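Me: I would like a close look at one part of this model, namely its nonpolar interior. Please set that part in the context of the whole chain.

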Amino acid sequence: MPGNRPEFSMRYVTEAEVRELLPMHEAIGLMREAFLRLRGGAAQNQPRRRLFLPTRSVLHYMAASDGKYFGAKIYATHPEHGAHFRFLLYRAEDAAPLAVLEANYLGQIRTGAVTGLATDLMAARDASVLGLIGAGFQARTQLEAVLAVRPIQLARVWSRSREKRDRFAKECSRAFPVDVRAAESAEEAVREARIVVTATSAREPVLSSHWIAPGTHINAVGSNHPQRRELPADLVERADMIVVDSLEQARTESGDLLLTSCDWERKTIELKDALARPDAGRKGAVSIFKSNGLALEDVIAAGFVYERLTEV
């Protein structure tokens, strides 16, 4: 009978609690576990869908299960008024609602952590220079994640806004044990960098293929729209290996790949399969990780935070 249904008390989790309980090194390990579970069939992921309003507001929603928990990320965006993220967490065993998480930072850290995982798999072990294009919402956790997996000594950052790139360089040089410098151009940021991250809102490419030396690994994280791209077509076509978090999702929203003659069959694989490829970061190769962001990444991170909050 409806009156006999158990009552559940959902935990409300704040941004501050997520920041405190989800450090980067834990997040990278969680992302590895998530994709191992996806590879083994214990996890499942549903791609993002969007509802577009005449007001230019957009509702985005995506769902996943990591085996133990399941849930949905729901967020609303407007080009002039920003974004608002929430994640709903449920227990897989009995569908009990467990928590609502403020998810701005959750999204930042899991996106950075997946970059850390891909970089650890694909970048040269001795890579010491990072080129970062973008100094906005995602850039700081991108830097933090790469620092967690490679011995970076110098990070160069470029943004169209001089004020943003200067502030980013100053703040991150204080926050992390690395020399972070503001570059005068995107080319200066990228030249001679063995690891490159693009984290922008650009519609057109933000770098050129001839800036990229053999043996460079690129993480493209800024776009998840079929008509936007950060990478030029000739760089994508030149790459020896392209890794995506989900082929299903990439085929609908990765403009970086869809707007090129991407060789989907021969050199594009999913991150879960790259985990089993010892040659993923072979010497001299140009590799690309195209990140779109999966709900699976959110659910395993949300479950981790929830357990830390409720453990006795």
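Reply: The account below begins with the interior and then turns to the chain around it and to a few individual residues.

The structure is a predicted model, in which local features need pLDDT of at least 70 and side-chain atom pairs count only at pLDDT 80 or more, while totals for chains, interfaces and linings use all residues. Residues are numbered from 1 along each chain as its sequence is written, and side-chain values use heavy atoms, with hydrogens and water left out.

The largest nonpolar core contains 53 residues. Such a core is a set of buried Ala, Val, Leu, Ile, Met, Phe, Trp, Tyr and Cys residues joined through side-chain atoms within 4.5 Å. Buried here means under 20% relative accessible area, exposed means over 50%, and partly exposed lies in between (1.4 Å probe, protein chains only). Within this core, the residues with the most contacts are Leu22, Leu89, Leu101 and Leu271. Leu22 is in contact (heavy atoms within 4.5 Å) with Ala27, Leu30, Leu106, Ile109, Ala301, Phe304 and Val305, once neighbours within four places in sequence are left aside. A second, separate core has 28 residues, among them Val190, Val196, Val206 and Ile288. In soluble globular proteins, nonpolar side chains tend to be buried together.

Ile288, included in the second core, is also a contact of Ala239. The other contacts of Ala239, not counting neighbours within four places in sequence, are Lys267 and Val286. Ala239 sits in the loop between α7 (233–238) and β12 (241–244); helices (H or I, at least four residues) and strands (E, at least two) are DSSP runs, numbered from the N terminus. With a relative accessible area of 2%, Ala239 is buried. Its C-alpha atom is separated by 18 Å from that of Pro278, 39 residues apart along the chain.

For the chain as a whole, buried residues make up 54% of the 312 residues. A compact globule of 312 residues would have a radius of gyration near 20 Å, and the protein chain, with 19 Å, agrees with this. That radius is taken over C-alpha atoms, and the globule rule is 2.2 Å times the number of residues to the power 0.38. The C-alpha trace spans about 70 × 45 × 45 Å along its principal axes, and the chain has twelve helices and 14 strands. Of the contacts with a separation of 6 or more, 69% are between residues 24 or more positions apart.

Ala76, in strand β4 (residues 69–78), is partly exposed because its relative accessibility is 32%. Apart from residues up to four places away in sequence, Ala76 touches Val58, Gly82, Ala83 and His84. Ala76 and Ile28 are 48 residues apart in sequence and 26 Å apart in space, C-alpha to C-alpha.

Two loop residues merit attention for their backbone angles. Most residues other than glycine have a negative phi. Arg56, however, has a positive phi of about 80° and lies in the loop between β2 (44–52) and β3 (58–65). Arg56 is partly exposed, at a relative accessible area of 43%. Ala95 has a positive phi near 65° and is placed in the loop between β5 (82–91) and β6 (97–102). The relative accessible area of Ala95 is 42%, so this residue also counts as partly exposed.
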